[in-house]
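Me: I would like to go through the terms used for this model one at a time, setting each value against the definition behind it. Please start with what is meant by a core.

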Amino acid sequence: MIILTSQEIAQFRSQLAEYSVALEALDQIEDCEGDLEDAAIDMAIRVGQSPDTSENWLDGLAKRYRVSLCNKDFREELIQGNIKAMVEALIAENQCPALLITPVVLYAVKSGINQFCEPLEYKF
């Protein structure tokens, strides 16, 4: 379970100030007392998805966008907690529902971006 502090939410809010959908997602996370998984499930229902309520639903969703999230051009920024460029890139890709982009990026960052991206590093 990933819980964001009010300070972290404020930091991300300042980074994403120009994206109303990202601010809406951060409001939802705040309403869920920082619980990223609970907030993401609520947002998914709002955008017409039918998530199950298992603990790992957000993990599965984030893995769908792992290739984008683990792009080397963005990884250093994500390691430093700068999520704006990645959120912009996922918005531009238009693959993930816009409301879910922020929790997906935050999940990858808070899980440890290097650990999250490790499966893509394996060579066969």
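Reply: A nonpolar core is a set of buried Ala, Val, Leu, Ile, Met, Phe, Trp, Tyr and Cys residues joined through side-chain atoms within 4.5 Å. In this model, which is predicted, the largest such core has 44 residues, and those with the most contacts inside it are Ile29, Leu69, Ile83, Val105 and Phe116.

Me: Which elements give two or more residues to this core, and which gives the most?

Reply: The elements that do so are α1 (6–15), α2, α3, α4 (57–64), α6 (72–79), α7 (84–93) and α8 (98–117), and α8 gives the most, with 12 residues.

Me: What does Leu69 touch, not counting residues up to four places away in sequence?

Reply: With those neighbours in sequence set aside, Leu69 touches Ala62, Leu78, Met86, Leu90, Val104, Val105, Ala108, Ile113, Phe116 and Cys117. Ala62 is also one of the buried residues of α4, together with Trp57, Leu58, Asp59 and Leu61, and the buried residues of α4 pack against α3, α5 (66–69) and α8.

Me: Why is α2 called oblique to α3?

Reply: The axes of helix α2 (residues 20–31) and helix α3 (residues 36–46) come within 8 Å and cross at roughly 125°. Angles of 65 to 115 degrees count as roughly perpendicular and those over 145 as roughly antiparallel, and the crossing angle falls in neither class, so α2 is oblique to α3. As to hand, α2 passes α3 in a right-handed crossing.

Me: Which residues meet where α2 contacts α3, and how do they divide by type?

Reply: Glu24, Ala25, Gln28 and Ile29 in α2 meet Leu36, Ala39, Asp42, Met43 and Arg46 in α3. The residues of this contact divide into 5 nonpolar, 1 polar and 3 charged.

Me: What makes Glu33 count as exposed?

Reply: Exposed means over 50% relative accessible area, and Glu33 has a relative accessibility of 70%, so Glu33 counts as exposed. Glu33 lies in the loop between α2 and α3, and has a positive phi of about 55° although it is not a glycine.

Me: How do you know whether Asn94 is buried or exposed?

Reply: The relative accessible area of Asn94 is 64%, and buried would require a value under 20% whereas exposed requires one over 50%, so Asn94 is exposed. Asn94 is found in the loop between α7 and α8, and its phi is near 55°, a positive value in a residue other than glycine.

Technical notes. Residues numbered from 1 in each chain as written. Predicted model: local features only at pLDDT ≥ 70, side-chain atom pairs only at ≥ 80, totals over all residues. Heavy atoms only, no water. Axes fitted to C-alpha atoms, helices over the stretch in contact; angles between N-to-C directions. Helix = DSSP H or I, 4+ residues; strand = E, 2+ residues; numbered from the N terminus. Parallel < 35°, antiparallel > 145°, perpendicular 65-115°, else oblique. Left-handed = near helix turned anticlockwise from the far one by under 90°. Contact = heavy atoms within 4.5 Å. Nonpolar A, V, L, I, M, F, W, Y, C, P; charged D, E, K, R; others polar. Buried < 20%, exposed > 50% of the residue type's maximum accessible area, 1.4 Å probe, protein only.
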